[in-house]
Amino acid sequence: MLAGVSAPIDLGKYVVYDAVASGGMASVHLGRVRGPSGFARTVAIKRLHTELARDPELREAFAAEVRLAARIRHPNVVSVLDVVAAGPELYLVMELASAVPLSQLLKRAKEAGRKVPPKI
């Protein structure tokens with residue numbers, strides 16, 4: 001089961017909602033950026049697991065990943081929009097990509113007796 005949040009986390013300009021994916025070091029949450037005049041946009045927010053955020057070496061490794069990800073510019077890679085530090089925690093704010101996961105695409109193709117073209 002994914003580690004969600006019991007209540008939304010308010011980071012000022014951003015609100016962090018439930019996790020949609022989780023890995024060994026971090027979880028990815030749905031988020032919302034809020035702005036003036038009712039502006040709002042859905043984003044993805046990557047959050048270093050709380051217990052790992054307390055470890056200075058792991059926190060620095062996450063920060064290095066954030067710095068590297070911010071330098072990547074490619075149409076097939078989501079953009080880094082912002083980084084937020086709240087206490088010991090780091091949050092990476094990214095574009096929200098709405099797509100079918102590759103694992104799901106491969107499963108559907110297998111069920112249909114087809115192969116996914118390499119170009120896809």
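## Arginine 47 and its partners

In this predicted model, the side chain of arginine 47 makes a polar contact with the side chain of threonine 50, at 3.5 Å. Arginine 47 is located in strand E4, which covers residues 40-48. Its relative accessibility is 13%, and because buried means under 20%, arginine 47 counts as buried.

Arginine 47 also takes part in a salt bridge with glutamate 89, where the closest N and O atoms are 3.0 Å apart. This pair links distant parts of the chain, with glutamate 89 in strand E6 and arginine 47 in strand E4, 42 residues apart. Glutamate 89 counts as buried too, at 10% relative accessibility. Threonine 50 appears again beside glutamate 89: the C-alpha atoms of these two residues are separated by 6.8 Å, although they are 39 residues apart along the chain. Arginine 47 thus has a polar contact with threonine 50 and a salt bridge with glutamate 89.

## Other salt bridges

The count of salt bridges comes to 4. One of them joins the side chains of arginine 34 and aspartate 10, with an N to O distance of 3.0 Å. Arginine 34 belongs to strand E3 (residues 26-34) and aspartate 10 to strand E1 (residues 9-10), so this pair ties together parts that are 24 residues apart in sequence. Arginine 34 is partly exposed, with a relative accessible area of 36%. Aspartate 10 is exposed, with a relative accessible area of 53%.

Another salt bridge is formed by glutamate 60 and arginine 67, whose closest N and O atoms are 2.6 Å apart. Glutamate 60 is partly exposed, with a relative accessible area of 42%. Arginine 67 likewise counts as partly exposed, at 46% relative accessibility.

## The largest pocket

What is the volume of the largest pocket? The value is about 300 Å³. The pocket is lined by 14 residues, and those closest to its centre are Val20, Val28, Ala44, Leu96 and Ala97. At least two lining residues come from each of E2, E4, helix H2 (56-71) and strand E6 (89-94).

Alanine 44 is one of the residues closest to the pocket centre and lies in strand E4. With 7% relative accessibility, alanine 44 counts as buried. The C-alpha atom of alanine 44 is separated by 5.0 Å from that of leucine 30, and the two residues are 14 residues apart along the chain.

## A nonpolar surface patch

Which residues make the nonpolar surface patch? They are Tyr17, Val20, Leu30 and Leu96, and the patch has an area of about 330 Å². Val20 and Leu96 are also among the residues closest to the centre of the largest pocket.

Valine 20 is placed in strand E2, residues 14-22. At 47% relative accessibility, valine 20 counts as partly exposed. Leucine 30, another member of the patch, is the residue whose C-alpha atom is 5.0 Å from that of alanine 44.

## Helix H3 and the turn to glycine 113

Is helix H3 largely buried or largely in the open? Helix H3 spans residues 102-111, and of its 10 residues the number buried is 1, so the helix lies largely in the open. Glycine 113 follows H3 and has a positive phi, near 70°.

## The protein as a whole

The protein contains 3 helices and 6 strands. Along the sequence they follow the pattern β-β-β-β-α-α-β-β-α. Of the 120 residues of the protein, 28% count as buried. Taken along the principal axes, the C-alpha atoms fill a box of roughly 50 × 40 × 30 Å.

Strands E4 and E6 recur in this description. The salt bridge of glutamate 89 and arginine 47 links these two strands, and each of them supplies at least two residues of the lining of the largest pocket.

Notes. Residues numbered from 1 in each chain as written. Predicted model: local features only at pLDDT ≥ 70, side-chain atom pairs only at ≥ 80, totals over all residues. Heavy atoms only, no water. Patch = residues over 30% accessible without salt bridge, like charges linked within 9 Å, V, L, I, M, F, W, Y side chains within 5 Å. Areas by Shrake-Rupley, 256 points an atom, 1.4 Å probe, with all protein chains shown as cover. Helix = DSSP H or I, 4+ residues; strand = E, 2+ residues; numbered from the N terminus. Buried < 20%, exposed > 50% of the residue type's maximum accessible area, 1.4 Å probe, protein only. Polar contact = N/O pair within 3.5 Å; in protein donor to acceptor, adjacent residues only side chain to side chain. 1 Å grid on protein atoms, 1.4 Å probe; cavity = no way out; pocket = protein on both sides within 12 Å on 5 of 7 lines; lining within 4 Å. Points joined across faces, edges and corners; volume = space filled by probe spheres on them.
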